[in-house]
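This report walks through charged contacts, sheets and core packing. Please keep the sequence and the 3D view open while reading.

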Amino acid sequence: LDVFAGRTITMDFAGGKLYIESPGSAAQRIADAREVPVRLSHEVQGLALAVNLEVPTAKGIARFELDSGNGGTLLVSKAYAPLFGLDPKAEGPQPGKIAIAPGIVAEGLCLTPEMNIDGNLGMPFLKDWVVTLDLAAGRMWLQRTRATPPPNMGVPPTGKP
């Protein structure tokens, strides 16, 4: 995302589209979208821009990094797993749902590894949404994609060659 720092972009993962927005096109794009709270962070010694979606829990906010490179699972750190009905001791994937906001749910196979972040939302979540990011103001909007995701997008690996 560093390449787009300070800009507004829209990504439709299922549709395979990336838009660099003008102020006018951004206003049109988010007119029917839902804003969700995010926090921008700079990782890798400040060289990598990351977006962390703020997810409400019974014990406060959990921050889930948006990660299009995570192809098939949702990751929830062991410490936060019980807040989402997950077993932190489970060895393998387990089905789960992460309520982001009313009407917005990340659903799929979840892993609960030891992590130094709260969680990670990959393609099982992103494939269903058009994501608009205002990387100057630190804001994000979601709306359901109209595109049909490619057959293997967001599908966990089977472990078979």
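Arg39, Glu54 and Arg63 are joined by salt bridges into a network. The model is a predicted one. Six salt bridges are counted in it. Three further pairs are listed here.

| Pair | N to O distance | Relative accessible area |
|---|---|---|
| Arg29 and Glu21 | 2.6 Å | Arg29 25%; Glu21 7% |
| Arg139 and Glu35 | 2.8 Å | Arg139 36%; Glu35 38% |
| Lys97 and Glu107 | 3.9 Å | Lys97 53%; Glu107 49% |

**Charged pairs**

In general, side chains of opposite charge can pair when their charged atoms come close. Start with the salt bridge between Arg29 and Glu21. Are its two residues buried or exposed? Glu21 is buried at 7%, while Arg29 is partly exposed at 25%.

The Arg139 and Glu35 side chains also form a salt bridge. Arg139 belongs to strand β12 (residues 139–144) and Glu35 to strand β3 (residues 34–36), so this pair ties together parts 104 residues apart in sequence. Arg139 is partly exposed. Glu35 is partly exposed too.

Lys97 and Glu107 make another salt bridge. Lys97 is in strand β8 (residues 94–101) and Glu107 in strand β9 (residues 104–111), so the parts they tie together are ten residues apart in sequence. Lys97 counts as exposed, since 53% is over the 50% cut-off. Glu107, at 49%, is partly exposed.

Not every acidic side chain has such a partner: Glu65 is buried but has no salt bridge. How far away is the nearest side chain of opposite charge? That side chain is Arg63, 12 Å from Glu65. Because a salt bridge here requires a nitrogen within 4 Å of a carboxyl oxygen, that separation does not qualify. Glu65 sits in strand β6 (residues 60–66). Beyond four places in sequence, Glu65 touches Glu43, Ala50, Val51, Asn52, Ile117, Gly119, Asn120 and Leu121.

**The five-stranded sheet**

Strands of a sheet pair through backbone hydrogen bonds, either parallel or antiparallel. One open sheet has five strands in the order β2-β1-β11-β12-β3, and its pairing is antiparallel. β2 (17–20) and β3 are the edge strands with a single partner each, so each has one side without a neighbour in the sheet. Direction ignored, neighbouring strands are turned by 20° against each other on average.

Strand β1 (residues 8–12) pairs with β2 over four bridges, in the antiparallel sense. In that pairing, Met11 stands opposite Leu18 of β2. β1 and β11 are also antiparallel, over five bridges. There, Asp12 stands opposite Val130 in β11.

How much of strand β11 (residues 129–134) is buried? Six of its six residues are. Trp129, Val131 and Leu133 point one way, and Val130, Thr132 and Asp134 point the other.

β11 and β12 pair in the antiparallel sense over six bridges. Val130 is opposite Gln143 in β12. The two strands form a hairpin with four residues between them. Gly138, in the turn, has a positive phi of about 70°.

**The seven-stranded sheet**

Another open sheet holds seven strands, ordered β4-β5-β6-β10-β7-β9-β8, with mixed pairing. Its edges are β4 (38–43) and β8, each with a single partner strand, so one side of each lacks a neighbour in the sheet. Neighbouring strands in this sheet are turned by 40° on average, again ignoring direction. β4 and β5 pair in the antiparallel sense over six bridges. Val38 has Leu53 in β5 as its bridge partner.

**The core**

In soluble globular proteins, nonpolar side chains tend to be buried together. The largest nonpolar core here has 34 residues. Which members touch the most others? They are Leu53, Ile98, Ile100, Leu121, Phe125, Val131 and Met140. Strand β5 (residues 48–57) gives the most to this core, with four residues.

Ile98 shows the contacts of one such member. Setting aside neighbours within four places in sequence, Ile98 is in contact with Val55, Phe64, Leu74, Val76, Phe84, Ile104, Val105, Ala106 and Leu121.

Notes
Residues numbered from 1 in each chain as written. Predicted model: local features only at pLDDT ≥ 70, side-chain atom pairs only at ≥ 80, totals over all residues. Heavy atoms only, no water. Core = buried A, V, L, I, M, F, W, Y, C linked by side-chain atoms within 4.5 Å. Buried < 20%, exposed > 50% of the residue type's maximum accessible area, 1.4 Å probe, protein only. Contact = heavy atoms within 4.5 Å. Pairing = 2+ DSSP bridges. Axes fitted to C-alpha atoms, helices over the stretch in contact; angles between N-to-C directions. Lys, Arg positive; Asp, Glu negative; His and termini not counted.
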